[in-house]
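Me: Hey, can you walk me through this one? I'm new to reading structures.
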Amino acid sequence: MTLNSRILGAASGVAIACTAFAAQAEVLFWSTQAKPVEEAQAMREQVLAGAGAVDYQPNDGGPWLTRLQAELQSGSGSIGVLGALHGDFSAMNPDDLVDLDDVGVMSASETFNDLAKLGTDSMQYIPWMQASYIMAASKDALQYLPDGADVNALTYDQLIEWAANAHEAAGEPKFGFPAGPKGLKHRFFQGYLYPSFTNGVVRTFASDEAVTAWEKMRELWAHTNPASTNFSFMQEQLLSGDAWIVFDHTSRLAQAFNERPDDFVAFPAPAGPTGRGFMPVLAGVAIPRTAPDMGAARALVEYMLKPETQIATLRATNFFPVVGVTLPDDLPPSVKAAGDAVAKMSASADANPGLLPAGLGDKGGDFNRIFVDSFERIVLAGQDIRAVLDDQKGRLAAIMEETGAPCWAPDAPSDGACPVE
Amino acid sequence: MTAVTTDAVTTDTRRAGRWVYGSAVVLLCAWVIVPLYFLLINTLSAPDTVNSFPKPFIPEFDLGSLTFFANFAGMLTALKNSILVAGLTMIMSIVIGAPAGYALSRFDFRGKELFRLLILLTRAFPLPLLALPLAVMFIQTGLDDTVFGLALVHTTLAIPFAVLITFALFSGIPLELEEAAWTLGCTRLTAFSKVVLPLILPGITASAIFAFVISWNEVFAAAVLTIENRTLTAFLLQNLDTSPLHLKFAGGFILVVPALIFIFAVRKYLFAMWGIANR
Amino acid sequence: MNARLLPYVLILPVTLFLCLFFLYPFLLVSKQAFSTGAGFTLDNFREVTGYWKFPITMRNTLLLAAAVVPIQLALALLMATMVNRMKKGRDLVLYVWTIPLGISDLAAGIIWLAIFEQSGFLNSMMSGLGLVDKPVNLLTFQNPGIVFLAIMLAEIWRATAIMLVILVAGIGLIPKEYYEAAEVFGASPWKRFLRITLPLLRPSLQTALVLRVILAFEIFAVVAALGGTLFPVLMGETYAYQFDLLNSGAAAALALIILAISIAFTLIILRVLRVPKGATI
């Protein structure tokens, strides 16, 4: 009796759930960005409140990709708009994304718009928001800066010395580096360390300058909190005091500045012999060819690029606008701090901006793995730098040849696939 | 005289034994509870405290983090979905699995070993890899984004537990008991329901707990196969590890509580029939 | 009903169900492991086994299973016999001991990281007791032993309950008369455990062990939370192939290798703990 009624109850529950599903006609916004619960909440309540019926669903990369592939394979779907990083889109087949030239919106940056074409003639995604990686430190740590060092114009040698001073003062290493499973360490090597020491990423991968760069990395690691292999969001270690000086993605430092704005400073990444290397983060919005309601999806893409939406997005996610807007004065502390640091970084005399890898297709993950493996072997396992680089060089060359990806800045342009010299 | 001494010695060892036994029970309980208590402390602490050192050992009863989730849109719907999916998973895995467990324990048939291996294989291959073909199949058949569809996938995960646990328990019940019932005029079916079923209630309960918990905690398939009908786990858990610490703990706590309530509600059936001797 | 057909009728629902929802997708995925675009090939297997981290992940996974499962088995047996002897508060104690069952591996990772991290509860306790002057960094690459120990503890905490519940349900079926008779003959508790509990519990032991071992090879979330990148395991590499490198062929190949290991160990356990036909008590 009780079991029967329970089954009946469950069955009717299913029926109710089914009808509820049929009645909905929201645009599904399927995103890998703005995942932390607070950011997702802000996206729903503030950013998308004026966009009509939108269901914002942030996901881990795995489910995000699996669901998308399933919809593309079965030829019918419920995803209306995709939100993801440049790298996620470039791993996709451009035919699976709707051409967006006629939406009538694009970013203010030609470079971004070109990247968004994914090697085709038309926009495959629309640049949506941008960020970068910066450094941050506790104000208490500033007293250990080496003599004559300007925190806004550090060199790698000064950073190492600073970290060493802090190490000595605290009795334990206090530099923090996001080398955990979800940490973005590979971006540090690709966009910061290599450009600053070798003025390249691919061509110069195994050069003598690269050996110097890894030697500096080892020196820095000696003053790095050894638990860094567990760190993925440096805001946590800044707040807890486990690290005093850190490198990370602007939105992964935001919480520290918002919770205790007076305790921390943000500043540009350091410079090496070939300039102050740094790299942008670019997220975009796109429409899969299986979107159920193209009109509504296009309207949502357009809405995301409006100046008001872009400012609301900045507040919600700490990602900066890609269109020309005048920023209001009442932005959260994290946005102000990060914005200043990024501005100083790009305006510095020795700025050496790099671009996002382009043309790697679905080999983007393999490309990152080359750098992460080099780090684990050279720095963690202490293997010979020259030997490791020569070994990894072959793998890198194979990836470049297979994809035929041409060089991107700061590497010198190439005809055809970017060569590893 | 001598008799009295030995008596005293045995009571002494008895007392010592009981003392060891009692403290072992307490120790093991503490081993389970203390980490959960830490979770509770962090859940009921303000963000500042969560990041501080040294950590407090008494919660300060700051409800900020929990309130955040209370105001989180869609929590109740997600909770309802989770309970529905877990309930369906429980029923289906037992209804489908228990007969097979009975067959495995009572009959010798061709292909038996192969069948057992197939059941086990189900648990030895990671679901996230299977999710893509499953999702394609579900989208094509209209099972996609339904509570029932997700319950089907969770049932696949729970069935090995249901089959093997019922198999183990049926094997522990002497066939003679059933045969005796047959000679007394019961049919196979009535013998089963009157004699065997009550005996394996603990096993059914154990299977039910597994099914419920597996479904409750499963994230990947839930994230891929549900959109409008998100379960609580898919709704919360996959976003937790990128969230600030205090919300990470509060969210984890919220996910743990319903599962604990469920186990508490069914725990006594684990002992429903205490051994044949007690019947 | 025909007694020869009956078993097949009983297993039919499960078989159909698993064919549809497991075997069919499983075959599709395994097919990918043997192809890289054109024809049958073992390239995917060569790729995953040739990767420099493969021996490390293999060793880590096996080592962890070997360290954790025996302790869990012993602990679960101990707890099950203790709860069996209990007269008062049995429900409550058993409930407390089964609590970790309701906690997902992701949540367990969060909890145990809060204990072991530098500003975590363990350090707070040690500095509160004056054992250390300042928090010690426990989970670092210089202390692989402590990292391993932390993962072990977290796994033992989280997953012992799985075995416990199965064993408790099995122990309940052992007739009390056996113990009473043994007591009359003066058998010590240890002898009673060895001669009565263990042999009669064999079916449940077998089930608990097989399920636990299979799950041990699939461990991932707790290891990732505590070990970070220091302790790579097979399942983590599988996910990396599937979702970071977008190489589903290699991911499927690695998953099949894990499957093969699981089958091998399952067969060993089934052999060693064989349940005699129509087990009688």
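Reply: Sure, one term to start: two residues are in contact if their C-beta atoms, placed from the backbone, lie within 7 Å. With that, 16 residues of chain C are in contact with 21 residues of chain A.

Me: Is this thing predicted or what, and how's the numbering done?
Reply: This is a predicted model, where local features need pLDDT of at least 70 and side-chain atom pairs count only at pLDDT 80 or more, while totals for chains, interfaces and linings use all residues. Residues are numbered from 1 along each chain as its sequence is written, and chains are lettered from A and ligands numbered from 1 in the order in which they are written.

Me: OK, back to contacts. How many residues of chain B are in contact with chain C?
Reply: There, 82 residues of chain B are in contact with 83 residues of chain C. On the chain B side, α7(B) gives the most, with 13 residues. Helices here are DSSP runs (H or I, at least four residues), as are strands (E, at least two), numbered from the N terminus.

Me: Switching topic: how many helices and strands has chain A?
Reply: Chain A has 15 helices and 10 strands.

Me: And how much of chain A is buried?
Reply: Buried residues are 54% of its 421; buried means 20 or more other C-beta atoms lie within 10 Å of a residue's own, with C-beta atoms placed from the backbone.

Me: What does chain A span?
Reply: Its C-alpha trace spans about 75 × 55 × 50 Å along the principal axes.

Technical notes. A residue is buried if 20 or more other C-beta atoms lie within 10 Å of its own, exposed if 12 or fewer, and partly exposed in between; C-beta atoms are placed from the backbone.
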